[in-house]
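Please work through the following exercises with the sequence and the coordinates open beside the text. Each task is followed by a solution that proceeds step by step.

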Amino acid sequence: MFIRQPFDEFLGLKYKKIDDNNLQIMLPVQDLFINSAGVIHGGIISSLADVAVSNLLPATEDGIQQAVTVDLNVSFLKPATGTYLMANAKIEKQGKTLIHTECSIYNDKQDIVAKSKAILFRTNLK
C-alpha cells in the first residue's frame, strides 16, 4: 500500500511498485510547476524524489507512512521540461532504523534530469 496524503494527491502522482526494493512514480507536469525560467521548479523535483523514496516502505493499512526522511540530497543534472517526470526509486541498504535510498528522475524523453540520495528513519520500530 502507498502513503495517502493530500500533497501527493495534489501533485497527481501515479505509483507503480516494481518489487520489494524498487518503485516508480509518474508526475504529470502542471503549469503551476513551471518556474520563471520556463523549467520545472526544483522544489517539485525534490518533492517527487522525497515522495518516491518514502513510498519504498509500505504504508500501514490506513495509508500512514512507516519512515520519515532525515537526509535528502538532490543533484539537478539538466533543466527539466516535458509533460511528465518519472521517478525510479530503490533501496540501497536497510538497517534496523535507517534505510539508504536512491532515486533517478527522468523527463518524458527518458533524459535523466536529477538524481537523489536519501536516508529514511523507520517510525514503526517495535
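The exercises below concern a predicted model, and they go from the whole chain to single residues.

**Exercise 1. The fold as a whole**

Determine how many helices and strands the protein chain has, in what pattern they follow one another, and how the radius of gyration compares with the globule rule.

Solution. Begin with the count of elements: the secondary structure of the protein chain comes to two helices and six strands. Next, read these elements along the sequence, which gives the pattern α-β-β-α-β-β-β-β. The radius of gyration of the protein chain is 14 Å, close to the 14 Å that the globule rule gives for 126 residues, so the chain is as compact as a globular protein of that length. The extents of the C-alpha trace along its principal axes can then be set beside this value, and they are about 45 × 25 × 25 Å.

**Exercise 2. Burial, surface and contacts**

Describe what share of the residues is buried, what the accessible surface comes to, and what share of the contacts joins residues at least 24 apart.

Solution. For burial, take the 126 residues of the protein chain, of which 38% are buried. For the surface, the accessible area of the protein chain comes to about 6,900 Å², and 54% of this belongs to carbon and sulfur atoms. For the contacts, consider those between residues at least 6 apart in sequence; within this set, 61% join residues at least 24 apart.

**Exercise 3. An annotated segment**

Which feature does UniProt place at residues 38-112, and what is the secondary structure content of that segment?

Solution. The UniProt record, an unreviewed entry, places the feature "domain: Thioesterase" at residues 38-112. In the model, the chain over residues 38-112 is 17% helix and 43% strand. The C-alpha atoms at the two ends of this segment are 18 Å apart.

**Exercise 4. The salt bridges**

Count the salt bridges, then trace those made by Lys78, Lys90 and Lys117 to their partners and to the elements that they link.

Solution. Side chains of opposite charge can pair when their charged atoms come close. With a cut-off of 4 Å between a side-chain nitrogen of Lys or Arg and a carboxyl oxygen of Asp or Glu, the count comes to four salt bridges.

1. Lys78 pairs with Asp111, at an N to O distance of 3.6 Å. This pair links distant parts of the chain, 33 residues apart, with Lys78 in the loop between strand 3 (67-76) and strand 4 (84-94), and Asp111 in the loop between strand 5 (98-107) and strand 6. Lys78 counts as partly exposed at 38% relative accessibility, and Asp111 also counts as partly exposed, at 28%.

2. Lys90 forms a salt bridge with Glu102, and their closest N and O atoms are 3.6 Å apart. Lys90 lies in strand 4 and Glu102 in strand 5, so the pair ties together parts that are twelve residues apart in sequence. Lys90 is partly exposed, with a relative accessible area of 35%, whereas Glu102 is buried, with 16%.

3. Lys117 forms a salt bridge with Glu92, the closest N and O atoms being 3.1 Å apart. Because Lys117 lies in strand 6 and Glu92 in strand 4, this pair ties together parts that are 25 residues apart in sequence. Lys117 counts as partly exposed at 45% relative accessibility, and Glu92 does so at 41%.

4. Finally, salt bridges that share partners join Lys90, Glu92, Glu102 and Lys117 into one network.

**Exercise 5. A nonpolar patch**

Identify the residues that make the nonpolar surface patch, and place Phe121 within the chain.

Solution. The patch, of about 290 Å², is made by Val68, Val70, Leu98 and Phe121. Phe121 is found in strand 6 (residues 112-122). With a relative accessibility of 32%, Phe121 counts as partly exposed, and it therefore passes the requirement of over 30% relative accessible area for patch residues.

**Exercise 6. Two loop residues**

Where do Gln110 and Thr97 lie, and is Gln110 buried or exposed?

Solution. Gln110 is found in the loop between strand 5 and strand 6, and its phi is near 70°, a positive value in a residue other than glycine. Gln110 is exposed, with a relative accessible area of 53%. Thr97 lies in the loop between strand 4 and strand 5 and counts as partly exposed at 30% relative accessibility. Thr97 and Pro58 are 39 residues apart in sequence, while their C-alpha atoms are 15 Å apart in space.

Methods:
Residues are numbered from 1 along each chain as its sequence is written. This is a predicted model: local features need pLDDT of at least 70, side-chain atom pairs count only at pLDDT 80 or more; totals for chains, interfaces and linings use all residues. Side-chain values use heavy atoms; hydrogens and water are left out. Patches are made of residues with over 30% relative accessible area and no salt bridge: like charges are joined within 9 Å, nonpolar side chains (Val, Leu, Ile, Met, Phe, Trp, Tyr) within 5 Å. Accessible areas come from the Shrake-Rupley method with a 1.4 Å probe; for residues, only the protein chains shown count as cover. Helices (H or I, at least four residues) and strands (E, at least two) are DSSP runs, numbered from the N terminus. Buried means under 20% relative accessible area, exposed over 50%, partly exposed in between (1.4 Å probe, protein chains only). UniProt positions are given in the numbering used here, feature names are shortened, and annotations may be inferred rather than shown by experiment. The radius of gyration is taken over C-alpha atoms; the globule rule is 2.2 Å times the number of residues to the power 0.38. Contact means heavy atoms within 4.5 Å.
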